[in-house]
Amino acid sequence: MIVARHNFIAPILLRAGREAPARKVLADKTSITQQEFFHADADRAIGIKPKLCMRLRSFEYRGEKLCEYSGVVYSVYRTYDKDGITELYLTPKAGEQNVKT
């Protein structure tokens with residue numbers, strides 16, 4: 001049996017909405033797969049551009065719709081839960097000031 005290893009070292013902030021308080025959790029940053037990128041191609045007409053995937057322990061995710069990582073705010077457009085790990089698929093949040101200072 002192969003056991004997946006995750007490095008939960010990337011601090012992210014999760015928020016239910018723009019005005020909601022943020023909570024800090026640790027996640028494992030991964031790239032978007034080629035398959036995910038091409039599946040989202042159909043959704044580009046409505047503004048979904050896959051950018052990043054963050055994996056975190058399922059018990060730490062409470063359905064938040066916004067995720068901030070390295071000063072950039074992302075929308076969670078899809079989640080996937082398997083074996084106690086939840087993957088958050090992220091796209092840059094439209095209308096946010098995503099400029100690093």
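## Strand β3 and its partners

Let's start at one spot in the sheet: R57 has I85, in β6, as its bridge partner. That contact belongs to a longer run, with β3 and β6 pairing antiparallel over six bridges. Keep in mind that this is a predicted model.

β3 also has a second neighbour. Strand β2 (residues 23–30) runs antiparallel to strand β3 (residues 52–57), and three bridges join the two. One pairing to look for there is D28, whose bridge partner in β3 is R55. So if you follow β3 on screen, you'll find β2 joined to it by three bridges and β6 paired with it over six.

## The tyrosine pair

How many aromatic pairs turn up here? The count is one. The partners are Y77 and Y89, with ring centres 6.4 Å apart and planes at 55 degrees, so this is a tilted pair. For a sense of the cut-offs, a pair needs centres within 6.5 Å, and planes over 60 degrees apart would count as edge-to-face.

Y77 sits in strand β5 (residues 72–82) and Y89 in strand β6 (residues 85–92), so the pair ties together parts that are 12 residues apart in sequence. β6 is therefore worth a second look, because it holds Y89 of the ring pair and also pairs with β3.

Are the two tyrosines buried or exposed? Y89 is buried, with 10% relative accessibility, whereas Y77 comes out as partly exposed at 21%. The line between those two classes is drawn at 20%.

## An arginine over Y89

Y89 has another companion besides Y77. R78 lies over the face of the Y89 ring, at 4.1 Å from the ring centre. Put together, the Y89 ring has R78 over its face and the ring of Y77 tilted against it, with the centres 6.4 Å apart.

## Two loop residues with positive phi

Most residues other than glycine have a negative phi. Which residues go the other way? S70 is one of them, with a positive phi near 55 degrees, and D83 also has a positive phi near 55 degrees.

Both can be found by the strands beside them. S70 is in the loop between β4 (66–69) and β5, while D83 is in the loop between β5 and β6. As for accessibility, S70 is partly exposed, with a relative accessible area of 41%, and D83 counts as exposed at 71%. The cut-off for exposed is over 50%, which is why D83 makes it into that class.

Methods
Residues numbered from 1 in each chain as written. Predicted model: local features only at pLDDT ≥ 70, side-chain atom pairs only at ≥ 80, totals over all residues. Heavy atoms only, no water. Phe/Tyr/Trp six-rings, centres within 6.5 Å; stacked < 30°, edge-to-face > 60°. Helix = DSSP H or I, 4+ residues; strand = E, 2+ residues; numbered from the N terminus. Buried < 20%, exposed > 50% of the residue type's maximum accessible area, 1.4 Å probe, protein only. Lys NZ or Arg CZ within 6 Å of the ring centre and 35° of its normal. Pairing = 2+ DSSP bridges.
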